[in-house]
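Colleague: Please take a close look at a single part of this model and then place that part in its surroundings. I would like the cut-offs along with the results.

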Amino acid sequence: QRSLLGLKDLSKEEIEAILDRAAYWEQHSSKVHNVMQGKFAANMFFENSTRTRFSFEVAEKRLGAEVLNFSAAVSSVQKGESIYDTVRTLESMGIDVGIIRLKPIGVLAELATKIQVPLINAGDGNNEHPTQALLDLYTMRKHFGNLNGLTVSIIGDVLHSRVARSNLWALRKFGAKVQFCSPGNLKAPELDVPYVTMDEALKADVVMMLRVQLERHESGMLNSAEAYREQFGLTVERASKLGEHAIIMHPAPINRGVEIDDELVEHPQSRIFPQMANGVPIRMAVIERALS
Ligand code: CP
């Protein structure tokens, strides 16, 4: 089985193959294909999602799959059923691939040792979000042509960010320089990455803003939204200092007016909605790989 649990252990060549295949699907994505005809894909989200869940569903439908959508809120999880029993239940019904998003860290890796069908990580605590980073790399490669030599500033709530981690592991394999910028209490101490000031971060080729993940914060981690914006937000004034070639990214959902000003979300240098569009061909490539 060809699960995709993270990018840390995936080779540069494997990542490149996914990006190349996504480029193919981007060119051929206007109609439904029969790659997954007769196959069942289960989207198992134990944590909320809009982009990831729906772009997986669009990707599955474009590949011709039968799609099952599991939502923890209206399932027997509410009666106390475990994550393992839930996934095992769907596996026993004959699914061919499972897309899974989980809040607790470490559960996915253990689950993958017990489940036979390929599992695709759709967000694993603050550990990894590989398809998000793949679509981010795809977006950067599309703009710059090459990832080697790029400087990428990842700004904000790094501590809680699986997006930052997956991007870090993947971008380094391609020779990109990754730097973080974040408040002292939202740094990730276990990661060996240089931290820079906001002024320094704005000189990068890619300025990737992270969502302040309030739902994962312990009380008091964020003094106020205004103070955060003042110190670490991408304001209109700060954005005016970006290089003409630089791009603004954000995995979304967005706290408008906190980590990024409202006016910048659809700024000509922003790639935020193109990132979402690129999520579909990337997920088509990842699902196809899982079933190959
Ligand atoms: N970027 C991302 O994972 O968004 P969702 O939480 O809406 O899936």
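Modeller: Four strands form an open sheet in the order β2-β1-β3-β4, with parallel pairing. β2 and β4 are at the edges with a single partner strand each, so one side of each has no neighbour in the sheet. From one strand to the next, the twist averages 15 degrees (axes are lines fitted to C-alpha atoms, for helices over the stretch in contact, and angles run from 0 to 180 degrees between N-to-C directions). Strands (E, at least two residues) and helices (H or I, at least four) are DSSP runs numbered from the N terminus, and two strands pair if DSSP finds at least two bridges between them. This is a predicted model, in which local features need pLDDT of at least 70 and side-chain atom pairs count only at pLDDT 80 or more, while totals for chains, interfaces and linings use all residues. Residues are numbered from 1 along each chain as its sequence is written.

The part to look at closely is strand β3, residues 97-102. On one side β3 pairs with β1 (residues 40-45) in the parallel sense, over 5 bridges, and here methionine 44 stands opposite isoleucine 100. β3 is also joined to β4 (residues 119-124), again parallel, by 4 bridges. In that pairing glycine 98 faces leucine 119, while isoleucine 100 has asparagine 121 as its bridge partner. Isoleucine 100 thus appears in both pairings, opposite methionine 44 and with asparagine 121 in β4.

Burial is the next point. A residue is called buried if 20 or more other C-beta atoms lie within 10 Å of its own, exposed if 12 or fewer do, and partly exposed in between, with C-beta atoms placed from the backbone. By this count 6 of the 6 residues of β3 are buried, so the strand is largely enclosed by the rest of the structure. In a regular strand, side chains alternate between the two faces of the sheet. In β3 both faces are covered: Val97, Ile99 and Arg101 are buried on one side, and Gly98, Ile100 and Leu102 on the other. The link onward from β3 goes through helix α4 (residues 107-114), and β3, α4 and β4 make a right-handed β-α-β unit. Right-handed means that, with the strands pointing away from the viewer, the path from the first strand over the helix to the second runs clockwise.

A second group of strands can be described in a similar way. β5 (residues 151-155) is mostly covered, with 4 of its 5 residues buried. β5 runs parallel to β6 (residues 177-181), joined by 5 bridges, and in β6 glutamine 179 is the bridge partner of serine 153. With β7 (residues 206-209), β5 pairs over 4 bridges, also in the parallel sense, and valine 152 stands opposite valine 206. β5, α6 and β6 make a right-handed β-α-β unit.

Helix α6 (residues 162-173) contains arginine 162. Arginine 162 has 22 C-beta neighbours inside 10 Å and therefore counts as buried. Leaving out residues up to four places away in sequence, it touches Gly123, Asp124, Gly125, Asn126, Asn127, Glu128 and His129; contact means C-beta atoms, placed from the backbone, within 7 Å.

The unreviewed UniProt entry gives a "binding site" annotation for Lys79, Arg162 and Arg211. These residues span 133 residues in sequence and the farthest two C-alpha atoms are 31.7 Å apart, so they do not all gather at one spot. UniProt positions are in the numbering used here, feature names are shortened, and annotations may be inferred rather than shown by experiment. Lysine 79 lies in the loop between β2 (66-71) and α3 (83-92). With 6 C-beta neighbours inside 10 Å, lysine 79 counts as exposed.

For the chain overall, there are 10 helices and 8 strands. The radius of gyration is 19 Å, close to the 19 Å that the globule rule gives for 292 residues, so the chain is as compact as a globular protein of that length. That radius is taken over C-alpha atoms, and the rule is 2.2 Å times the number of residues to the power 0.38. The C-alpha trace spans about 55 × 45 × 30 Å along its principal axes. Of the 292 residues, 42% are buried.

Technical notes
Two residues are in contact if their C-beta atoms, placed from the backbone, lie within 7 Å.
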